[in-house]
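Trainee: Got a minute to go through this model with me? I'd like to start with a side chain and then look at cavities.

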Amino acid sequence: MDAAGSEESIAEDVGGLTPRQARRIRIILASVVMAAMAAVLVVRLASRTSVLVVGVYGAALVLCGVVIELSRHGRTRLGTWLLGVGLVAALAADWLLLP
């Protein structure tokens, strides 16, 4: 039995996700959020070209990339917290800084 098989049997006994499944879910979630931020960036740039718009949404895109890398290296909890806090900060910056 390989390591992946033993992780899945342990997770089935406990009823939770295996670490591999958790990493995949975080990577998929961060990728979807990255695509959404890119779409919002395009829409916001169409209505107003501003360095602040590029800065806020560019930082959110970089944050999503960092979360994907953290998840690939097994830091899923840190990546989840960083994604949540970073997205709240990006939306707050959009609401407060951008007219």
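**A side chain and a cavity**

Mentor: Sure. The side chains of D94 and Y57 make a polar contact at 2.7 Å, meaning a pair of N or O atoms within 3.5 Å; within protein, one must be able to donate a hydrogen and the other to accept it, and residues adjacent in sequence count only if both atoms are side-chain atoms. Keep in mind that this is a predicted model: local features need pLDDT of at least 70, side-chain atom pairs count only at pLDDT 80 or more, and totals for chains, interfaces and linings use all residues. Residues are numbered from 1 along each chain as its sequence is written, and side-chain values use heavy atoms, with hydrogens and water left out.

Trainee: Is D94 buried or exposed?

Mentor: D94 is buried, at 15% relative accessible area; buried is under 20%, exposed over 50%, partly exposed in between, with a 1.4 Å probe on protein chains only.

Trainee: Which residues is D94 in contact with, leaving aside neighbours within four places in sequence?

Mentor: R44, V56 and Y57, where contact is heavy atoms within 4.5 Å.

Trainee: And which helix is D94 in?

Mentor: Helix α4, residues 76–97. Helices here are DSSP runs of H or I, at least four residues, numbered from the N terminus.

Trainee: New topic: what lines the largest cavity?

Mentor: R26, L29, V67, G79, T80 and L83. A lining residue has an atom within 4 Å of a cavity point, and a cavity is a set of points on a 1 Å grid over the protein atoms alone where a 1.4 Å probe fits but cannot get out.

Trainee: Which element gives the largest share of that lining?

Mentor: α4, with 3 residues.

Terms used. Helices (H or I, at least four residues) and strands (E, at least two) are DSSP runs, numbered from the N terminus. On a 1 Å grid over the protein atoms alone, a cavity is a set of points where a 1.4 Å probe fits but cannot get out, and a pocket is an open set with protein on both sides within 12 Å along at least five of seven lines; lining residues have an atom within 4 Å of a point.
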